[in-house]
Amino acid sequence: MLRSRVARMLALAVAVACFAFPVPAAHAAPAGGPGAAGVGDPYFPLEGNGGYDVRHYDLSFSYDPATDRLDGTMVVRARATQDLSRFDLDLQQLEVSAVRVNDNPAGFTRDGQELKVTPLNRLREGSTFNVAVDYGGVPQTIVGSPIVFGSPYGFLHTDDGAFMGDEPNVASTWMPLSDHPSDKASWTIRATVPAGKGVVANGRLVSQVTANGKSTFVWDEPEQMATYLVTACIGNWVIKTGRTPGGIPETVAVDPTIIASRPDAVDFFYNTTAEATDLWVKDFGPYPFDSTGAIADNATFNGQPLGFSLETQTRPVYSAVRSTSTIAHELAHMWFGDSVSVADWHHIWLNEGFASYAQYLWTEHLGGASPHDQFVAEFNSRPASDPFWNSQIADPQRDTMFQRAVYRRGAMTLQALRDKIGDDAFFRVLRTWTAEHFQSNATTAQFIALSERISGQELGNFFQVWLYTPTKPTTW
Ligand code: TRP
Ligand code: ZN
């Protein structure tokens with residue numbers, strides 16, 4: 001769902017562009033023509049789709065760990081934002097057997113990651129429609145891409161099931177969708193697995209039924225969720241549910257093979273998650289969703305440990321036992337990334353810099369050095385000659401979007417801001433940010449404007465130095 005403020009901004013941007021120079025016919029949204037193949041992300045031009053706005057995803061699938069095969073039906077409910085003769089969904093690799101629009105058979109073709117759907121009847125601007133896609137195959141893990149630290153990512157086949165970590169661009173390796181954070185929606189996930197296996201996804205467990213040797217788990221996330229934050233991990237799980245001391249419902253799932261080598265793993269994840277979630281409520285504002293938790297799986301690729309953690313909404317995934325600082329980082333993403341999401345991927349420091357800043361706060365919470373002292377130590381530990389400093393973290397480029405500087409220089413930027421505007425203004429900026437963009441999207445320019453508004457200071461030079469100058473800051 002596009003929030004109206006974003007829609008208005010986009011409309012304004014288009015209007016300004018038209019005024020300055022006529023948009024070539026091929027790029028204008030043709031009234032009644034096909035929807036665009038992408039939303040125009042600078043790093044991922046084909047991610048997301050134009051011409052409609054998703055309201056709800058209802059995904060049903062079965063997965064058999066014995067064959068690695070997934071078979072599903074995705075039902076997308078959307079609203080047309082223009083008259084549509086045709087529109088796209090994003091889907092990689094898997095096969096499509098049928099598509100229906102408003103219960104009528106629809107035409108479809110494949111073109112790279114675009115599934116192009118031609119409804120029987122043209123869709124009218126403003127109307128709500130359903131598209132159902134029957135699909136299946138063996139999802140392939142993404143290997144050899146530089147995007148996520150060069151690590152395999154996406155859909156991982158584990159010893160006992162499957163594990164998904166799709167940021168930023170590979171949710172479409174296991175389901176058809178409009179794969180861009182600017183179009184969030186609510187979700188229902190119905191997963192069927194061999195009896196004895198479990199499924200842990202986002203939000204709350206609505207039902208769990210076993211019949212004829214199969215179990216179906218229905219999970220519901222009624223809050224707005226970006227596509228890359230969806231997960232539905234399959235396997236054997238030890239589950240602990242309850243509430244944090246602050247009252248937030250919590251569900252933690254841990255793979256028993258983790259517990260075999262770390263007998264306290266369930267309590268470790270449960271207690272750390274509760275403590276970090278409640279701490280961030282104090283620092284960042286009300287918890288943006290309806291539950292918190294963790295999914296800790298024993299996930300490897302070709303026998304190699306993955307060492308990965310991802311802020312899947314309400315319930316981050318961990319490929320092994322991780323440090324309390326990493327858990328605190330992933331939970332800070334519930335505010336920064338999951339609720340306040342990037343308007344497009346070049347703003348990634350708004351996720352990683354903020355979640356990394358939270359780790360300074362976490363260290364202090366545990367009795368360690370102050371965030372200021374941690375910042376100074378980190379700043380001094382990297383000489384100006386260190387290539388670490390040679391990037392513009394507010395536009396880090398696609399293949400280096402998760403480079404270290406996006407995290408660490410991002411965290412340093414926020415402490416430098418705190419030193420400049422004072423504690424009171426700084427935390428008001430953070431809490432106003434999470435409130436104004438609650439379950440929505442945001443840009444770096446909006447963060448700069450908010451910091452100036454709340455502090456009353458002119459911060460153009462400050463942010464120019466920290467975010468846009470590819471050298472080590474000297475004065476700011
Ligand atoms: N956002 C993750 C973090 O907390 C890093 C990440 C990006 C990731 N893409 C991923 C992790 C895919 C697992 C899978 O820093
Ligand atoms: Zn992160």
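1. For the tallies in this note, Ala, Val, Leu, Ile, Met, Phe, Trp, Tyr, Cys and Pro count as nonpolar, Asp, Glu, Lys and Arg as charged, and the others, Gly among them, as polar. On that scheme, the shell around ligand 1 divides into six nonpolar, four polar and four charged residues.

2. A word on conventions, since you will want them at hand: this is a predicted model, in which local features need pLDDT of at least 70 and side-chain atom pairs count only at pLDDT 80 or more, while totals for chains, interfaces and linings use all residues. Residues are numbered from 1 along each chain as its sequence is written, chains are lettered from A and ligands numbered from 1 in the order in which they are written, and side-chain values use heavy atoms, with hydrogens and water left out.

3. Now to the ligand. Ligand 1 is surrounded by 14 residues, the closest being Glu167, Glu311, Glu330, Glu352 and Tyr407 (a residue is near a molecule if one of its heavy atoms lies within 4 Å of it). Strand E21 (309–310) and helix H4 (324–332) each supply at least two residues of this shell; helices (H or I, at least four residues) and strands (E, at least two) are DSSP runs, numbered from the N terminus.

4. Three polar contacts (pairs of N or O atoms within 3.5 Å) deserve a look. The side chain of Glu167 has an N or O atom 2.6 Å from a nitrogen atom of ligand 1. Oxygen atoms of the ligand lie 2.9 Å from a polar side-chain atom of Glu330 and 2.7 Å from one of Tyr407. The protein covers 97% of the 360 Å² of accessible area that ligand 1 has on its own (Shrake-Rupley method, 1.4 Å probe).

5. Glu167 also merits a backbone check: its peptide bond to Pro168 is cis, with omega near 0 degrees. Pro168 belongs to the loop between strand E10 (162–165) and strand E11 (185–194).

6. Strand E21 appears again in an open sheet of five strands, ordered E16-E17-E18-E22-E21 with mixed pairing; two strands pair if DSSP finds at least two bridges between them. Strand E16 (238–243) and E21 stand at the edges with a single partner strand each, so one side of each has no neighbour in the sheet. E16 runs antiparallel to strand E17 (residues 249–254), joined by six bridges. Thr241 has Thr251 in E17 as its bridge partner.

7. One last backbone point: Asp68, a residue other than glycine, has a positive phi, near 65 degrees. Asp68 is in the loop between strand E1 (52–64) and strand E2 (69–80).

Definitions and conventions:
Polar contact = N/O pair within 3.5 Å; in protein donor to acceptor, adjacent residues only side chain to side chain.
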